[in-house]
Amino acid sequence: MAAVLRSASIAFQERKRAAAVSGTTRTETESTRVPEDQPSADASDAPATLSALAAAVDRCTRCPLYRHATQGVAGEGPKSARIMLIGEQPGDQEDRQGRPFVGPAGRLLDAALDEAGLDRRRLFLTNAVKHFKFTPRGKRRLHQTPTTGEVDICRWWLDRERALVQPDLIVTLGATALRGVTGKSASIRSMRGHAVELEGGARLVATVHPSFLLRMPDRERAAQERTAFVADLVRARTLLA
Ligand code: SF4
């Protein structure tokens, strides 16, 4: 079953990548979209598989963010994953490739996971918001933080992913991910360093987003923060041991 899910997911990602490479635009794919007045948060509409969910995310028009993004980027990883890592939103590379954590922040995350003794292939990686929000600046697309309203609307998808994967442990990367899971604005500092029990039985470990480390101008401080980040990932691993 897992192999079927994986191959369906890979086929879907390939179609999305082909659309991105061929330059298919939002307008060209608009006719395939779920209308903007689609029924809202009704769990009975929930896709039954991760590949169906990924296809539905790509058609989603619940908030305006789909309009300028290349595609919706759903989570990736085995349905049997015990740990779910949640970031903020797809970045420029993720938006183009249709996969989470494949840009510079993803590479930093991969290195930190290695150091922490976690195998990315056994984790489920996703984002609180599934479409890339950005400001065009010449040929570049500069990241824009999603609003709390956009995070709250997109939580419907995050909740469906959580329901399908049923992770034992959730690691939130950054404040947006924390809001995506808890529905509340809380500082990472107040949540960091200990596991929090979530409704439904999973535990939550809060840490920073790897892009926060990339943006730090002070190299010494960045190195300290990176060490703390890896320590949070080690904590996540040992919590499940
Ligand atoms: S960001 Fe989330 S809620 Fe908004 S259109 Fe994309 S998938 Fe839908």
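Here is a friendly exchange about this predicted model.

Colleague: Happy to look at this with you! How many helices and strands does the chain have?
Modeller: Let's begin with the chain as a whole, in which 38% of the 241 residues count as buried. As for secondary structure, the chain has 10 helices and 7 strands.

Colleague: Which helix gives the largest share of the shell around the ligand?
Modeller: The shell holds 14 residues, and those that come nearest to the ligand are Cys 60, Cys 63, Lys 130, His 131 and Cys 154. By class, the shell divides into 9 nonpolar, 3 polar and 2 charged residues. The largest share, 3 residues, comes from the helix spanning residues 148–165, which is helix H6.

Colleague: And what about the largest nonpolar core: which helix gives the most to it?
Modeller: That core has 48 residues, and Ile 83, Met 84, Leu 85, Ile 86 and Val 171 have the most contacts inside it. Not counting residues up to four places away in sequence, Ile 83 touches Leu 123, Pro 167, Leu 169, Val 171, Ala 236 and Leu 240. The core has 48 residues, and the helix that gives the most to it, with 5 residues, is H6.

Colleague: Now to Arg 179: is this residue buried or exposed?
Modeller: Arg 179 is found in helix H7, residues 175–182. Leaving aside neighbours within four places in sequence, its contacts are Ala 128, Thr 148, Val 151, Lys 184 and Ser 185. A residue with 20 or more other C-beta atoms within 10 Å is buried. Arg 179 has 20 C-beta neighbours inside 10 Å, so it counts as buried.

Colleague: What distance separates the C-alpha atoms of Arg 179 and Val 151?
Modeller: Val 151 is one of the contacts of Arg 179. The two residues are 28 residues apart along the chain, yet their C-alpha atoms are separated by 7.4 Å.

Colleague: Phe 101 caught my eye. What is its phi, about?
Modeller: Phe 101 lies in the loop between helix H4 (92–97) and helix H5 (104–116). Because it has 26 C-beta neighbours inside 10 Å, Phe 101 counts as buried. Most residues other than glycine have a negative phi. Phe 101 is not a glycine, although its phi is positive, about 55°.

Colleague: One last residue, then! How many other C-beta atoms lie within 10 Å of Gln 166?
Modeller: Gln 166 sits in the loop between H6 and strand S5 (169–173). Although not a glycine, Gln 166 has a positive phi of about 50°. Gln 166 is partly exposed because the number of other C-beta atoms within 10 Å is 15.

Conventions
Residues are numbered from 1 along each chain as its sequence is written. This is a predicted model: local features need pLDDT of at least 70, side-chain atom pairs count only at pLDDT 80 or more; totals for chains, interfaces and linings use all residues. A residue is near a molecule or strand if its C-beta atom, placed from the backbone, lies within 6 Å of it. Helices (H or I, at least four residues) and strands (E, at least two) are DSSP runs, numbered from the N terminus. Ala, Val, Leu, Ile, Met, Phe, Trp, Tyr, Cys and Pro count as nonpolar, Asp, Glu, Lys and Arg as charged, and the others, Gly among them, as polar. A residue is buried if 20 or more other C-beta atoms lie within 10 Å of its own, exposed if 12 or fewer, and partly exposed in between; C-beta atoms are placed from the backbone. A nonpolar core is a set of buried Ala, Val, Leu, Ile, Met, Phe, Trp, Tyr and Cys residues joined through C-beta atoms within 7 Å. Two residues are in contact if their C-beta atoms, placed from the backbone, lie within 7 Å.
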